[in-house]
Amino acid sequence: MFYNVLKAKDLVSLKEEKLDREVLMENGDSSLTIIALKKDEIIDTHTSIADAAVYVLDGEIELHFDAEKFKLDKGEIVMFKKDKEHKVLALKDSKFLLIRI
């Protein structure tokens, strides 16, 4: 897969599934993953094993951290430290890139 040009938002699809994911690269706790999530679906509260960034490729999501929430539209990114509890809500059918480093 290295040295290939990929169309990131075309790597996962939302046919019948509520969630789809494709791990592009992984090395220890670091990874690069594309995730697709249907509107109104939630990825329940969890923590990341590494510092992370979420970049929205398509759609609109909300990331909830304790009492704070961040709405992200296509082209926006949020970064956060590992071990920070959070959940993800899709406000529209959405695709995003999860970068863990």
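This tour moves through the strands, the nonpolar cores and the salt bridges of the structure, naming at each stop what to select. The model is a predicted one.

**Stop 1: strand β9 and its partners**

Begin by selecting residues 94-100, which make up strand β9. Is this strand mostly covered or uncovered? It is mostly covered, with 6 of its 7 residues buried.

Add residues 30-37, strand β2, to the selection. This strand runs antiparallel to β9, and 7 bridges join the two. To find the register, display Ile35 and look across to Phe96 in β9, which stands opposite.

Next, select residues 52-58, strand β4. The pairing of β4 with β9 is also antiparallel, here over 6 bridges. Ala53 serves as the landmark, since its opposite residue in β9 is Ile99.

**Stop 2: the open sheet of four strands**

Now display β3, β8, β5 and β6, keeping that order in mind. These 4 strands form an open sheet, β3-β8-β5-β6, with antiparallel pairing. Its edges are β3 (42-46) and β6 (68-73), each of which pairs on one side only. On average, neighbouring strands of this sheet are turned by 15° against each other, direction ignored.

Walk across the sheet from the β3 edge. β3 and β8 are antiparallel and share 3 bridges; Ile42 has Leu89 of β8 as its bridge partner. Continue to β5, which pairs with β8 in the antiparallel sense over 4 bridges. Here Glu62 stands opposite Leu89 in β8. The walk ends at β6, which is joined to β5 (residues 60-65) by 6 bridges in an antiparallel pairing. Select Ile61 and its bridge partner in β6, Leu72, to see this register.

Before leaving the sheet, isolate residues 86-90, strand β8. Which residues of β8 form the covered face, and which the uncovered one? His86, Val88 and Ala90 lie on the covered face, whereas Lys87 and Leu89 lie on the uncovered face. In a regular strand, side chains alternate between the two faces of the sheet.

**Stop 3: the nonpolar cores**

Switch to side chains and select Val54, Ile61, Leu63, Leu72, Val88 and Phe96. These residues touch the most other members of the largest nonpolar core, which has 16 residues. At least two residues of this core come from each of β2, β4, β5, β7 (77-80), β8 and β9. In soluble globular proteins, nonpolar side chains tend to be buried together.

Centre the view on Leu72. Leaving aside residues up to four places away in sequence, Leu72 touches Val54, Val56, Gly59, Glu60, Ile61, Leu63, Ile77 and Val78. Then select Val12, Leu14, Leu24 and Leu57; a second, separate core of 7 residues includes them.

**Stop 4: the salt bridges**

How many salt bridges does a search of the whole structure find? The search finds 3.

For one of them, select Asp51 and Lys81, whose closest N and O atoms are 3.7 Å apart. The pair links distant parts of the chain: Asp51 sits in the loop between β3 and β4, and Lys81 in the loop between β7 and β8, 30 residues apart. Asp51 is partly exposed, at 27% relative accessible area, while Lys81 counts as exposed at 58%.

Now select Lys71 and Glu60, whose side chains meet in a salt bridge of 3.1 Å, N to O. Because Lys71 lies in strand β6 and Glu60 in strand β5, this pair ties together parts that are 11 residues apart in sequence. Lys71 is partly exposed, with a relative accessible area of 48%. Glu60, by contrast, is buried, with a value of 11%.

Finish with Lys84 and Asp66, another pair whose side chains meet at 3.1 Å, N to O. Lys84 is in the loop between β7 and β8, and Asp66 in the loop between β5 and β6; this pair links distant parts of the chain, 18 residues apart. Lys84 is partly exposed at 34% relative accessible area, and Asp66 counts as exposed at 64%.

Key: Residues numbered from 1 in each chain as written. Predicted model: local features only at pLDDT ≥ 70, side-chain atom pairs only at ≥ 80, totals over all residues. Heavy atoms only, no water. Buried < 20%, exposed > 50% of the residue type's maximum accessible area, 1.4 Å probe, protein only. Pairing = 2+ DSSP bridges. Axes fitted to C-alpha atoms, helices over the stretch in contact; angles between N-to-C directions. Core = buried A, V, L, I, M, F, W, Y, C linked by side-chain atoms within 4.5 Å. Contact = heavy atoms within 4.5 Å. Salt bridge = Lys/Arg side-chain N within 4 Å of Asp/Glu carboxyl O.
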